[in-house]
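Let's take a walk through this fold together, starting with a sheet and ending in the nonpolar interior. Have a look at the structure below and follow along.

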Amino acid sequence: MALIKKFFFIMLLGTISVIINGCSDKVTEKPHFIQYNASFYAEKDSEYPLSISYLNTRNSKSVIKPENVTSIQFGKDKLVKIKNYKFYESNPSKKYSISNIELNLSFPEIGKEEVHELTINFTKGNPITFPIGNWIFNIEPESSNKEFLEMGKDYGVVFPKFDGYRLNFYNKSNEKISISDVKIQLKSVEFEKSNYTINPKTTLKTINKIKGKPASDMFFIIRPKIEYKLNDQNYSYYPYASLYGNIEITDEDLEREFNKTS
């Protein structure tokens with residue numbers, strides 16, 4: 001599982017080929033952050049490392065210089081705190097350079113918060129705020145429940161096109177588990193089903209498909225809260241987050257994404 005989690009950080013477009021263009025005078029440019037439709041559940045006082053990505057046109061200079069960054073703020077900095085961060089690069093596409101920020105998130109308070117912006121503070125000059133899409137965070141009370149549910153073998157964290165949430169969970173108990181709800185809150189997205197049954201020592205592997213037309217968004221992050229019962233006792237489980245839309249990306253896809261904030 002540690003390898004799966006590490007793979008989650010090294011995200012976005014690893015399969016895009018590297019094409020080197022000649023350089024001319026570079027113009028300073030405000031980058032485009034990927035616009036995620038994200039639903040994220042977490043327990044109070046927990047932490048989670050999560051990477052987000054941004055694009056600049058090649059042969060331009062980004063206004064973000066990592067060595068000049070002093071702090072980063074997620075939304076209004078209430079329920080979601082950034083403890084520390086790290087910048088790293090991905091392979092560029094024909095037209096865009098691709099940069100990433102690995103954010104170590106912490107959740108000090110219980111509640112719900114919608115986040116649409118990321119603010120970066122610099123050693124000189126004013127802070128710059130960037131739109132990052134639609135994020136819904138639900139911070140839940142800390143649970144002391146013993147976990148009888150775990151991620152199944154080959155649990156996926158990165159997928160291409162979003163057509164529903166992929167469940168892959170293993171019942172490691174000797175009793176039947178009844179999943180009463182798969183809590184996900186995405187903007188303009190509803191799911192067909194939320195209740196499932198898993199027999200002892202078996203794996204549930206299925207797709208909870210979306211209702212109606214697919215959302216217009218290209219990129220999704222989902223970390224659900226799984227509510228289930230075993231022997232009439234209620235339990236909760238928070239699996240790794242899954243990313244949708246981050247592989248099999250074309251230059252045309254990046255062009256459409258970049259134009260959302262250009």
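Strand 11 and strand 13, the latter covering residues 164-171, run antiparallel and are joined by three bridges. Keep in mind as you look that this is a predicted model. You can find the register of this pairing from two positions: Glu 150 sits opposite Tyr 170 of strand 13, and Met 151 faces Phe 169 of strand 13.

Now move to the other partner of strand 13. Seven bridges connect strand 13 with strand 16, again in antiparallel fashion. Here Tyr 165 is a handy landmark, standing opposite Asn 208 in strand 16.

Put these pairings together and you have an open sheet of three strands, in the order 11-13-16, with antiparallel pairing. Its edges are strand 11 (149-151) and strand 16 (203-209), each of which pairs on one side only. On average, neighbouring strands of this sheet are turned by 35° against each other, ignoring direction. As for strand 13, six of its eight residues are buried, so the rest of the structure largely encloses this strand.

From the sheet, let's turn to the nonpolar interior. In soluble globular proteins, nonpolar side chains tend to be buried together. In this model, the largest nonpolar core has 73 residues, and which of them touch the most other members? They are Phe 74 and Trp 135. Try selecting Phe 74: leaving aside residues up to four places away in sequence, Phe 74 touches Trp 135 itself, and its other contacts include Val 80, Ile 82, Leu 103, Leu 105, Ile 132 and Phe 137. Glu 117 is also among the residues that Phe 74 touches.

Key: Residues are numbered from 1 along each chain as its sequence is written. This is a predicted model: local features need pLDDT of at least 70, side-chain atom pairs count only at pLDDT 80 or more; totals for chains, interfaces and linings use all residues. Side-chain values use heavy atoms; hydrogens and water are left out. A nonpolar core is a set of buried Ala, Val, Leu, Ile, Met, Phe, Trp, Tyr and Cys residues joined through side-chain atoms within 4.5 Å. Buried means under 20% relative accessible area, exposed over 50%, partly exposed in between (1.4 Å probe, protein chains only). Contact means heavy atoms within 4.5 Å. Two strands pair if DSSP finds at least two bridges between them. Helices (H or I, at least four residues) and strands (E, at least two) are DSSP runs, numbered from the N terminus. Axes are lines fitted to C-alpha atoms, for helices over the stretch in contact, and angles run from 0 to 180 degrees between N-to-C directions.
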